[in-house]
Amino acid sequence: MSKISIFWFRRDLRLHDNAGLYHALKKGVPVLPIFIFDKNILDKLDDKHDRRVAFIHEAITEIQAFLTAKGSTILVKYGTPEEVFPVLLDEYDVDTIYINHDYELYAHERDESVREFVTSEGVGFSTYKDQVVFEKNEILSGAGTPYTVFTPYSRKWKEKVNTFYLKSYPTEKYFDNFLQTKPFEIPTLAMMGFQAAKAKFPSKQVRDGIIRSYAENRDFPAIEGTSKLSVHLRFGTVSIRELARKAQSLSETWLNELIWRDFYFNILYHFPHISQGQAFRKEYDKIIWRNNKKEFELWCEGKTGYPIVDAGMRELNATGFMHNRVRMIVASFLTKHLLIDWRWGEAYFAKKLLDFDFAANNGGWQWASGSGCDAAPYFRVFNPSLQTQKFDKQLEYIKKWVPELNTFDYPAPIVNHDFARKRVLPVYQMALKGF
Ligand code: FAD
């Protein structure tokens, strides 16, 4: 049996400009790429129509088609990494396993346990940065501490970035180093208990015009003014380096959004307590939430009687996407108007968002509730009517998702805005007293 190396795909589902894959191929030992539909994750998804599983399946199928044409294949397993790796090490004489870093808690623990097992079997385990431009301790303050405020973080990010950090990894130079073998079959979605996606996913080709006009258009949910690349960034079907280069040449505002993404990964890495369900600012864990279940259901269903909130929730439920401006409005509404724990909203988004990403989602929710790093001040309560006047004046977005607006079928507001504002402030003040 001749030696092979393994490249394990996870949140980096692309063959081009992929750091770990590049290093695996470059070494010259034939590379077998693998993907594991991880039962530890899939078993927790109770929606068997979950479009994220279908998205991954499509991306893997594309990779398979490309590799088959090159006389190679991807090996796709359905199981847990703990089950899969012992079998692989039995079947193949493995030199090294290559991965890209994943910063989420489960992923980190999983990777450490795989590392422990394979290295105990004498197999190498090499890991690389790929998902972000800067990771871990690459961006620190002058005092050597992690940033918790975005503006100085982004300043340092922009000072440090250069062609070295943004260059592509030319994997294509070494495509001949994929293991030559007949194609393996990919388990079907049905075999894993899931269903194919009915609607198309957003394209990964973004029009330059959208990015050029991003600063003017990004806040208007009725306009196609943002890239819709979040799902591709989530699963790595696009390269962050390529997008950052594009942003540098087309729009500083859009570059800032990509930096927010790095920023939240930086927070996740340096402040692991946020992965344990805790507020970034611990004093916010003293808030006494109302947590009314019926009101939470109405929020989830888009039946609060606040058209902009309902439109957002219905867009989310129907498509798995919600415009960023509207995400901020619905999150503020849940936490401030209804005084429902942001963790309930975070968990609902985690179930529904196609682009769900722990770091960005947790960051967004803690920003809205006031408990996060660099968050909206707690006394800022978005006024849904003013937000509508500013960002959906012609009600185009609202009417798309709430066609029954202005009819008797549309519910009355779940709570009066002024009343809600007066109710929330003392609750926050009480929790923050003494800090
Ligand atoms: P664009 O506006 O075109 O931005 C380009 C990319 O930058 C995005 O695709 C995304 O990767 C990144 N980005 C933009 N804004 C942010 C931000 N505020 N924080 C981190 N990254 C950002 N984004 C997610 O990717 N996953 C989530 O689970 C998620 N949950 C959120 C929850 C709340 C409550 C809020 C307020 C925001 C959340 N966001 C999340 C951030 C943002 O809403 C989405 O990234 C954005 O709407 C995706 O649309 P787009 O691809 O068209 O973004």
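These exercises work through the confidence, the ligand shell and the helix packing of a predicted model.

**Exercise 1. State the confidence scores of the model and the chain.**

Solution.
- Start with the chain: its mean pLDDT is 97.
- Next, coverage: 100% of its residues reach 70 or more.
- Finish with the global scores: ipTM is 0.99 and pTM is 0.98.

**Exercise 2. Describe the annotated span 3–133.**

Solution.
- Take the record: an unreviewed UniProt entry lists residues 3–133 as "domain: Photolyase/cryptochrome alpha/beta".
- Turn to the coordinates: the end C-alpha atoms of this span lie 33 Å apart.
- Add the secondary structure: helix accounts for 45% of the span and strand for 25%.

**Exercise 3. Work out which residues and elements surround the ligand.**

Solution.
- Count the residues: 28 lie around the ligand.
- Pick out the nearest: Thr226, Ser227, Ser230, Asn361 and Gly364.
- List the elements giving two or more residues to the shell: α10 (230–235), α12 (252–270), α15 (324–337) and α17 (358–369).
- Find the top contributor: α17 gives the most, with 6 residues.
- Sort the shell by class: 13 residues are nonpolar, 7 polar and 8 charged.

**Exercise 4. Classify the packing of α11 against α12 as parallel or antiparallel, and give the contact.**

Solution.
- Locate the helix: α11 covers residues 240–250.
- Read the geometry: the α11 and α12 axes are 7 Å apart, at an angle of about 150 degrees.
- Apply the cut-off: angles over 145 degrees count as roughly antiparallel.
- Conclude: α11 and α12 are therefore roughly antiparallel to each other.
- Name the α11 side: Ile240, Leu243, Ala244, Ala247, Gln248 and Leu250.
- Name the α12 side: Trp254, Leu255 and Leu258.
- Sort this contact: 8 residues are nonpolar, 1 is polar and none is charged.

**Exercise 5. Determine how α12 is oriented to α17, and give the contact.**

Solution.
- Read the geometry: α12 and α17 pack at about 90 degrees, and their axes are 8 Å apart.
- Conclude: that angle makes α12 roughly perpendicular to α17.
- Name the residues: α12 brings Arg261, Tyr264, Phe265, Ile267 and Leu268, while α17 brings Phe358, Ala359, Ala360 and Gly363.
- Sort them: the contact of α12 with α17 has 7 nonpolar, 1 polar and 1 charged residues.

**Exercise 6. Repeat the analysis for α6 and α12.**

Solution.
- Locate the helix: α6 runs over residues 150–160.
- Read the geometry: the axes of α6 and α12 cross at roughly 105 degrees and come within 10 Å.
- Conclude: that crossing makes α6 roughly perpendicular to α12.
- Name the residues: Phe150, Tyr153, Ser154 and Trp157 of α6 meet Asn256, Ile259, Trp260, Asp262 and Phe263 of α12.
- Sort them: the contact of α6 with α12 divides into 6 nonpolar, 2 polar and 1 charged.

Note on methods
Residues are numbered from 1 along each chain as its sequence is written. This is a predicted model: local features need pLDDT of at least 70, side-chain atom pairs count only at pLDDT 80 or more; totals for chains, interfaces and linings use all residues. UniProt positions are given in the numbering used here, feature names are shortened, and annotations may be inferred rather than shown by experiment. Helices (H or I, at least four residues) and strands (E, at least two) are DSSP runs, numbered from the N terminus. pLDDT is the predictor's confidence in each residue, from 0 to 100. A residue is near a molecule or strand if its C-beta atom, placed from the backbone, lies within 6 Å of it. Ala, Val, Leu, Ile, Met, Phe, Trp, Tyr, Cys and Pro count as nonpolar, Asp, Glu, Lys and Arg as charged, and the others, Gly among them, as polar. Axes are lines fitted to C-alpha atoms, for helices over the stretch in contact, and angles run from 0 to 180 degrees between N-to-C directions. Angles under 35 degrees count as roughly parallel, over 145 as roughly antiparallel, 65 to 115 as roughly perpendicular and the rest as oblique. Two residues are in contact if their C-beta atoms, placed from the backbone, lie within 7 Å.
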